[in-house]
Amino acid sequence: MATARQPALLSPAATLREQRQCAPELLDSLPAESRDAVRSRRDLRRLNALMGNFAWFERTLRGRVGAPEKILELGAGTGELGLRLARRGFTVAAIDRAPRPRHWPASAEWHAREIEAFDRWADYPIVIGNLIFHHFDAARLRVLGQQLDAHARLILAAEPRRNFTSNLLFTFAATLIGANHVTRHDGRVSIDAGFHGDELAVALGLSPARWRWSAQPTLRGGYRLIAERKS
Ligand SMILES: C[S@@+](CC[C@H](N)C(=O)[O-])C[C@H]1O[C@@H](n2cnc3c(N)ncnc32)[C@H](O)[C@@H]1O
């Protein structure tokens, strides 16, 4: 039974478990080659390494995906995850509003555009995203989910977990790696827009009748979703 909220009595942890809050991230509006942006992308690489995200994608895809099956990475950024997967023999494509990175494999597609404007979902049975789904509010997640529901058979997401512990861990990690002010700001914003429980699958509108999923927190402040279409 729902109980009435009493904001004055809520602990910080309880406050963080309330609704997601999506707000603009600084990195999205900085010139790509600005010192702050370059430094923040370096921070992001280090945070991904600390969170073990890339290794998780590789592990999870292996055994679930055959080499010829096409994987689309949403919000691929500098392309490092996709590049790693391509080197391990996966067939990877990427979409990001950022231009194709210089090191992106010549044989792999890079769609430099808004995810919302993408129209080739039917080409990609596997859709993955590292630190991208939290950029989308509920309405945009629902629209994205309609495309995934129609065309994908496997969806993997690694996102921030929205809770107090994640905030503490992020503060610690940011200090450890010497994160700049952009990363510190964007990290906090990302956690506020992060997920817990079944939130992401539900926000995408995945039906338990057609999909089975597992959504797990990680010890390092992460949230990981594996959603597979029931055959
Ligand atoms: C936090 S970064 C993560 C980058 C990469 N996945 C990683 O983990 O290093 C988010 C990326 O998503 C891209 N992005 C955010 N919203 C987007 C949208 N609506 N359409 C296309 N790209 C988007 C940004 O350009 C950025 O490269």
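Which residues are buried in α2? Let's start there, and please keep in mind that this is a predicted model.

Helix α2 covers residues 35-51. In α2, the buried residues are S40, D43, L44, L47 and M51. They cover an arc of only 105° around the axis, so they sit on the same side of α2. Turn to the other side of α2 and you find R35 and A49, which are exposed. So what covers the buried residues of α2? The cover includes three helices, α3 (53-61), α6 (164-177) and α7 (181-192), together with strand β7 (222-229).

A word on the geometry of α2. With its 17 residues, the helix reaches 24 Å from first C-alpha to last, close to the 24 Å expected at 1.5 Å a residue. Right after α2 comes G52, and its phi is positive, near 70°.

Now let's move to α6, which we have just met as part of the cover over α2. α6 has 14 residues and spans 20 Å from its first C-alpha to its last, close to the expected 20 Å at 1.5 Å a residue. Its buried residues are S166, N167, L169 and F170. Why do we place them on the same side of α6? Because they cover an arc of only 165° around the axis. The other side of α6 has F172, T175 and L176, which are exposed. Following α6 there is G178, again with a positive phi, near 65°.

While we are on α6, have a look at A174, which is found in this helix. A174 has 19 other C-beta atoms within 10 Å, and since burial takes 20 or more, A174 is partly exposed. Setting aside neighbours within four places in sequence, A174 is in contact with A179, T183, R184 and G187. A203 is another matter: A174 and A203 are 29 residues apart along the chain, and their C-alpha atoms are separated by 29 Å.

Just before we leave this region, there is N163, in the loop between β5 and α6. Is N163 buried or exposed? N163 counts as buried, because it has 21 C-beta neighbours inside 10 Å. Its C-alpha atom is 8.0 Å from that of H196, with the two positions 33 residues apart along the chain counted as their separation.

On to the core. The largest nonpolar core has 44 residues, and those touching the most other members are I71, I126, V127, I155, L200, L204 and L225. Strand β5 (residues 154-160) supplies the largest share of this core, with 5 residues. For I155, leaving out neighbours within four places in sequence, the contacts are V127, L148, L225 and A227.

A227 turns up again with W211, which is found in strand β6 (residues 211-217). W211 counts as buried because it has 20 C-beta neighbours inside 10 Å. Beyond four places in sequence, W211 is in contact with L206, A227, E228, R229 and K230. For a long-range pair, take W211 and P31: they are 180 residues apart along the chain, with their C-alpha atoms separated by 40 Å.

Next, two loop residues. P125 lies in the loop between β3 (110-112) and β4. With 17 C-beta neighbours inside 10 Å, P125 counts as partly exposed. P125 and A152 are 27 residues apart in sequence, yet 4.2 Å apart in space, C-alpha to C-alpha. Leaving aside neighbours within four places, P125 is in contact with E69, K70, A152, R153 and L154.

The other is L131, in the loop between β4 (126-130) and α5 (138-151). L131 has a positive phi of about 60°, although it is not a glycine. L131 counts as buried because it has 22 C-beta neighbours inside 10 Å.

Last stop, the ligand. How many residues surround the ligand? There are 15, and the closest are G75, G77, R97, I115 and N130. By class, this shell has 6 nonpolar, 5 polar and 4 charged residues.

That's my tour. Thanks for listening, everyone!

Key
Residues are numbered from 1 along each chain as its sequence is written. This is a predicted model: local features need pLDDT of at least 70, side-chain atom pairs count only at pLDDT 80 or more; totals for chains, interfaces and linings use all residues. A residue is near a molecule or strand if its C-beta atom, placed from the backbone, lies within 6 Å of it. Ala, Val, Leu, Ile, Met, Phe, Trp, Tyr, Cys and Pro count as nonpolar, Asp, Glu, Lys and Arg as charged, and the others, Gly among them, as polar. Helices (H or I, at least four residues) and strands (E, at least two) are DSSP runs, numbered from the N terminus. The expected span of a helix is 1.5 Å times one less than its number of residues. A residue is buried if 20 or more other C-beta atoms lie within 10 Å of its own, exposed if 12 or fewer, and partly exposed in between; C-beta atoms are placed from the backbone. The arc is that of the directions from the helix axis to the C-beta atoms. Two residues are in contact if their C-beta atoms, placed from the backbone, lie within 7 Å. A nonpolar core is a set of buried Ala, Val, Leu, Ile, Met, Phe, Trp, Tyr and Cys residues joined through C-beta atoms within 7 Å.
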